[in-house]
Amino acid sequence: MIRKYYKIRFQLTSPLSVGCGKNQVTDSDVILDSRGLPYVPGTSLAGVYRRIFSDRTAETYFGTNLTEDRIRTSSREGRNVLTESRIAVYDALMLPLKNNYSLTKRDMVALDEYKVALPGAKFDFQVLEPGAEFVTYIEQSMESEQEQYLADEIAYAWQQGNIRLGAKTGKGFGATKSAAIFWRSFDLTDEKDLERWLSFDMYEEDQWSVVDTPVCLSREKDSKERERLKQIYEEAGIRLREDRPVCIRIGLRQAGGLSVRQYTTDVGEADYMQMRRKDGVRVIPGTSWAGAFRAQMGKLNPDFAAGTAMSELFFGKKKGKKAEESSRTRIAFSESELNGEKEIVYTRNAIDRFMGGTVDGALYTEKTCYDGTTQLKILCSFGGLKKEQIENFSKTLAGAILDLHNGFLSVGGLTSVGHGLFHVTEVMIDQKKISFQDGDHGEPYKELWSAIAGGVETC
């Protein structure tokens, strides 16, 4: 019997939404531990780890996935068909000396095709702002050293920043980067190692060894070494999930004002201002990007109109009463940070179109941003899809990116008066670079969609 441990310290790079089921402050408050600090439950982390591997591997090493049907039939024919996890996953707790954190509120509202709010579709939720640091642990019990590659794959995913936590990960929330990874391993059949294991305290800093980069199949580029590792993985029953995302990075330059609004009633502040985090960085949330792209792709291609099967296949389906009635999104949008922007304050009046005078109570001020640059990252997962589905999606998404470049796709508010427009400066699809010029209209189209449909690398 072998016991292997990983200690992972990580930092949030985008807001985290992990609800506790309460609505005392917002419609969905962040979960807190006994110290009153935000944390990420081990159950949430275990779910993220399972998705690194194939369903069969996840069932073998993390235990049976408890669906309603499996719970009901768990003792069929007098035997228990449920299995426990071989991996112990610990809560991610905020570091005690790094608890200078900030909880803020995000507002969301569902809009129709004319950007009019749907009745009863507004809600708010608490988020933990980026910069917070956490520590979590993984403990693996194994019969042979070959099984250690499972934990090594998880550690490598942390190191590469491929772990996203909490809710709305498809809208840019819960992104992380690893600050440090440590490990210890004990062979319990060896008397001296057994003694060391009995005295091991994983909460003591001096008990750990630093990991440079875990050796695993996801990291290995050498063809011979990959074949050797594939054989080991096969023997240990470890198989990675095949739907590795295609990564699209879009460089953007503002072509007008931006009004992704954040509301305030503070004295001396504008009534509306561009959304910004607690650290002052102005952002375009992934929810705004997702809504804008989904609406534009529906206009370009009827297959992607709201409520169609193709739209729900890629953008996900709203949860129903049963798990099988809902589906995860296959296209994830990052939160975009503005750089080099200039802020201008406007004072506006609403005008009565019949009388030509101002409307009572309709005077307001707004802080709007101009001349900024930013980057949008889109992750697309194509696992299990047919070639024609991937091609149809890739062509439609490529058309939406061109519309973004040419001013037909806008994001945020006041789009009818020229706000929310961007020029695309370049697109990186995995390792392929596609440059854009201000005069480009349809020229990069085929290059875009063929690169999206043919991309296979992880981002």
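**Figure 1. Asp 430 sits in the loop between E19 and E20.** This is a predicted model, so read each view here as a prediction. The phi of Asp 430 comes out near 55°, a positive value in a residue other than glycine. For context, most residues other than glycine have a negative phi. As for cover, Asp 430 counts as buried, with a relative accessible area of 11%.

**Figure 2. Asp 371 is another loop residue with a positive phi, about 60°, although it is not a glycine.** Look for Asp 371 in the loop between strand E17 (364–370) and strand E18 (373–380). Is Asp 371 buried or partly exposed? It's partly exposed, with a relative accessible area of 47%.

**Figure 3. Helix H10 (residues 445–454) and its buried residues.** Four names to look for here are Leu 448, Trp 449, Ala 451 and Ile 452, the buried residues of H10. They cover an arc of only 160° around the axis, so they end up on the same side of H10. A bit of helix geometry helps here: an α-helix has 3.6 residues a turn, so residues three or four places apart point the same way. What do the buried residues of H10 pack against? Their partners are strand E10 (246–254), helix H9 (387–406), strand E19 (422–429) and strand E20 (432–435).

**Figure 4. The largest nonpolar core has 47 residues.** Within this core, the residues with the most contacts are Trp 289, Phe 293, Leu 397 and Val 427. H9 gives the most to it, with 8 residues. Zoom in on Leu 397 and, leaving out residues up to four places away in sequence, you'll find it touching Ile 248, Phe 293, Met 297, Ile 331, Cys 380 and Ile 452. There is also a second, separate core of 44 residues, and Ile 31, Ala 92, Leu 128 and Ile 163 are among them. In soluble globular proteins, nonpolar side chains tend to be buried together.

**Figure 5. Helix H2 (residues 55–62), seen down its axis.** The buried residues of H2 are Thr 57, Ala 58, Tyr 61 and Phe 62. Why do they line one face of the helix? Their directions fall within an arc of 100° when you look down the axis of H2, so they share one face. On the other side of H2, Asp 55 and Arg 56 are exposed. The buried residues pack against quite a mix of elements: helix H1 (42–50), strand E3 (87–89), strand E7 (133–142), H4 and helix H6 (223–236). Just after H2 comes Gly 63, with a positive phi of about 90°.

**Figure 6. Asp 152, a buried residue with a relative accessible area of 5%.** Asp 152 lies in helix H4 (residues 149–159). Which side chain joins that of Asp 152 in a polar contact of 2.6 Å? That's Tyr 6. Skip the neighbours within four places in sequence, and Asp 152 is in contact with Lys 4, Tyr 6, Pro 214, Val 215 and Cys 216. Val 215 is 63 residues away from Asp 152 along the chain, yet their C-alpha atoms are separated by 6.8 Å. That fits the wider picture: residues 24 or more positions apart account for 71% of the contacts in the protein with a separation of 6 or more.

**Figure 7. Ser 334 in the loop between strand E14 (331–333) and strand E15 (336–337).** Ser 334 is buried, with a relative accessible area of 16%. A polar atom of its side chain lies 2.9 Å from the backbone nitrogen of Lys 377. Beyond the neighbours within four places in sequence, Ser 334 is in contact with Gly 172, Ile 284, Pro 285, Gly 286, Trp 289, Gln 375, Leu 376 and Lys 377.

**Figure 8. Cysteines, in a structure where a search finds 0 disulfides.** Cys 380 is in no disulfide, and the nearest cysteine sulfur, that of Cys 247, is 8.9 Å away. Is Cys 380 buried or exposed? Cys 380 is buried, with a relative accessible area of 1%. Cys 20, on the other hand, is partly exposed at 29%.

How values were computed
Residues are numbered from 1 along each chain as its sequence is written. This is a predicted model: local features need pLDDT of at least 70, side-chain atom pairs count only at pLDDT 80 or more; totals for chains, interfaces and linings use all residues. Side-chain values use heavy atoms; hydrogens and water are left out. Contact means heavy atoms within 4.5 Å. A disulfide is a pair of cysteine sulfur atoms within 2.5 Å. Buried means under 20% relative accessible area, exposed over 50%, partly exposed in between (1.4 Å probe, protein chains only). Helices (H or I, at least four residues) and strands (E, at least two) are DSSP runs, numbered from the N terminus. A polar contact is a pair of N or O atoms within 3.5 Å; within protein, one must be able to donate a hydrogen and the other to accept it, and residues adjacent in sequence count only if both atoms are side-chain atoms. The arc is that of the directions from the helix axis to the C-beta atoms. A nonpolar core is a set of buried Ala, Val, Leu, Ile, Met, Phe, Trp, Tyr and Cys residues joined through side-chain atoms within 4.5 Å.
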